[in-house]
Every structure is written in C-alpha cells, then in structure tokens.
Amino acid sequence: MLLEQDAPSHSGTPEAALPAVWSWNEWDPLEEVIVGRLEGATIPPYHVSVTLNVPSFTGRLHRLVAGRRYPKWMVKRGQAALDNLIRVLEQANVKVVRPDQVPHHRSFGSPLWSSKGFCVACPRDGYLVIGDEIIETPMAWRSRYFEGDAYRRLFKDYFRRGARWTSAPRPQLTDEIFDYNYTIPKYGEPLRFLTTEFEPVFDAADFARAGRDIFVTRSNVTNEMGITWLERHLGDRFRIHRMPSKCRNPMHIDSTFLILGPKRALVNPDYLDMDALPPVLKDWELLIAPRPDPVDDIMEKISMCSPWTSINVLSIDEKRVIVEERQPSLIKAFKDWGYEPIPCDFIAYGPFGGAFHCATLDTVRRGPKPEGL
C-alpha cells in the first residue's frame, strides 16, 4: 500500500500528494492497480444469468460442470497468465495490490435462493472508481453476491486514507429480476434482455470513464434502473451517455468500446451501433479494431468471453497499452495509430471471465480533476 507521505505528487510538487484513490478516466498515467486472483476459483452454479451470457459452446459445457471447482490445470494456466500481467505492470512501475482469498466453493444464500461463489478474477466488474470514490455495484449474478468480501481489507485502508466508499442498494436477486423465458435474440430481431426492471442492477464493466462523460451499455447484467441509480448518485456534474449495442447477448462495454485517450476510443464494429452513437462522440476519433485473430488454444475455446475481448486492453498511459500477444493484427494497428503496444500472453484467463481490462481496477491514475467537477 502507498502511505500518504509516500504518495506521488498530484501537481508536480512534493507537497501535493494524490489521494489514496484517484482515477477519472481510462488513460491518465497508471500508478496503482488492483489485480484479481484465482485461488479457490469455482465454476458458477447453473443459472440462466450465467449460461446465456457466455459463448454457446461454453454455455453447453457449463451445464455439465456448474458448481465444481475449476480443474487444477486450468487454474495453473490462468495463474501463469496472471503472473505475466503482474510482471508487465511492475516493469512499468505500476504498484500492484491484490484482494484476499475467500472460500468460493462454500454454499450461501438468502431465504429465497442459494448459490456457490465464483472467483475474484475480475475486479473491474464489481467496483467503479470515480475520482476519489469507490462505488460497489449491485451485480446480477447470485454467485458474485459476496465477492466484495475479498476487497474489504483494501477498501477499508483506502477509506482510512481519505477515499470515499459507497455501495449501491444490495439487490435481492429474487426470480423477479430474471426473465426465465429469455432466449438470445437472432439478428434482425429486437434486442431484449435477461434482466428485468424489478430492482437496480449493474456491473461497473458496463461503464467507461472519460472525466465528466461516462458511457454505458444496457446489458444482460445492467438494467435501466441501475443506470438511473448511478445517474442520480453522481448528479448533474456528470453526463452519462447510453451506447446502443448490436451484440445479441450484451455483457460489459469493454469488448465494444475502449477509451484510449481524450476523445479517442477503440471500437468493435460488430457490437457498436455506429448509426446510433450519442452526439458527444461526433468529434471523437473512433479507431475501428481489426477482427480478432484466431487463437488455437483450448483456453480460447472454453473462454467465458467473446473473441472480441481481443480489444479488452489496458492503458498504462496515453501511449503504452497492454495487448494480447496472440493478436498480431491489433498490435500492428496500435503501432500504426502511434501507440506503444506491450504484448502479454493472457489467453488462458478467458475461462475465468475476461482479459486485461477486466482483470484490473485502476485506483490511482496521475491526472487533474476534470474541469467542472
């Protein structure tokens, strides 16, 4: 942990230290980051919210193995990928902090449902950092209900050192929040969602930050009530822009729209509806990502994620970006766009729920407070 007296300067002078938590966007120089962990990882129990949110092959497989611990060989490969990422971050002089281990395999529940856990591979999903505030989100997967326990030690330390710490209303996650008749809509059919408007639910990974402007997709884990709750919580100092998705079973904006710098973003042309963009993006430079390169690896075949997590990159600053080393087309594109891509082998992390952006939560990025805040 950074101690206050050792924290880096915000204004360039030793007297002005950054707060314990300070991150307004996706591109300011990264100084501290939470990285997930895999110990005790458990395959989420069978539920419509899981099975219909993953690729079809993985969904069929999930029905057979739901609720079991991940095989040791998968965890070993996933841990090697995680070690690769931590090494890259530390070589870039980024401070890495970790959540605690928790017993994901134990059953828990409410009076109306029961579940086992999942893992803490993806801190991006459950926590949204806005400036000096950590917002715990009301995630829609029952298996993630107590995931926050792994982060309590970190968040209490951030709070003691001055960070604001907020939690959205804890969801009930009763059957009313799920549409059990949901089927993935075919192309040409109207988009519909697995979650209802029974109560606010949202994953932080459905939001992308650019200072006062925050972009969001309505998805199978983020409903309109959840978006409205965050709008009211943040108030009129922030502008939340809805991004229509063309993905048939949308979940998380960071395989669709990745902000790389001021008014510059990487986009997935298959998922982002380019004809229905919010007006604020009219003067943005939108970089069209190349199609994902095929990867011949069993971990890619059983990934919980779309191949488009190829664009799930993590920016160290406005020039350096961590990219999957098995995506040569994207690496070349980044070089052509003037970036310094840092290749990293991370493909084995997919079965645990994500890639670089998912596996991290930036808590300190050196940069000024946006104008108007």
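## A guided tour of the predicted model

Begin with the open sheet of three strands, whose order is β5-β6-β7 and whose pairing is mixed. In this predicted model, select residues 127–130 for β5 and 164–167 for β7; these are the edge strands, each pairing on one side only. Across this sheet, neighbouring strands are turned against each other by 20° on average, direction ignored.

Next, add residues 133–136, which form strand β6. Four bridges join β6 to β5, and the two strands pair in the antiparallel sense. To view one position in this pairing, show Leu-128, which stands opposite Ile-135 in β6.

Now select residues 224–234. This is helix α6, which lies across β5, β6 and β7 and runs at about 155° to β6.

**The β-α-β unit**

Move to residues 320–324 and 340–344, which are strands β15 and β16. These two strands run parallel and are joined by five bridges. Within the pair, Glu-324 stands opposite Cys-344 in β16. Then select residues 328–336 to display helix α8; together with β15 and β16, this helix makes a right-handed β-α-β unit.

**The nonpolar cores**

Which residues touch the most other members of the largest nonpolar core? Select Tyr-70, Leu-89, Ile-322, Phe-346 and Phe-352, which hold that position in a core of 54 residues. The elements giving two or more residues to this core are β1 (30–35), α1 (48–51) and α3 (72–91). Of these, α3 provides the largest share, with seven residues.

Centre the view on Leu-89 and show what surrounds this residue. Leaving aside residues up to four places away in sequence, Leu-89 touches Leu-30, Val-33, Val-35, Val-94, Val-96, Leu-314, Ile-316 and Ile-322.

A second core, separate from the one just visited, has 20 residues. To locate this second core, select Trp-22, Trp-24, Ala-168 and Ile-227, which are among its members.

**The whole chain**

Finally, zoom out to display the entire protein chain, which has eight helices and 17 strands. Its radius of gyration is 19 Å, close to the 21 Å that the globule rule gives for 373 residues, so the chain is as compact as a globular protein of that length. Taken along the principal axes, the C-alpha atoms fill a box of roughly 55 × 45 × 45 Å. Buried residues make up 60% of the 373 residues. Of the contacts with a separation of 6 or more, 72% are between residues 24 or more positions apart.

Notes: Residues are numbered from 1 along each chain as its sequence is written. This is a predicted model: local features need pLDDT of at least 70, side-chain atom pairs count only at pLDDT 80 or more; totals for chains, interfaces and linings use all residues. Side-chain values use heavy atoms; hydrogens and water are left out. A nonpolar core is a set of buried Ala, Val, Leu, Ile, Met, Phe, Trp, Tyr and Cys residues joined through side-chain atoms within 4.5 Å. Buried means under 20% relative accessible area, exposed over 50%, partly exposed in between (1.4 Å probe, protein chains only). Contact means heavy atoms within 4.5 Å. Two strands pair if DSSP finds at least two bridges between them. A crossover is right-handed if, with the strands pointing away from the viewer, the path from the first strand over the helix to the second runs clockwise. Axes are lines fitted to C-alpha atoms, for helices over the stretch in contact, and angles run from 0 to 180 degrees between N-to-C directions. The radius of gyration is taken over C-alpha atoms; the globule rule is 2.2 Å times the number of residues to the power 0.38.
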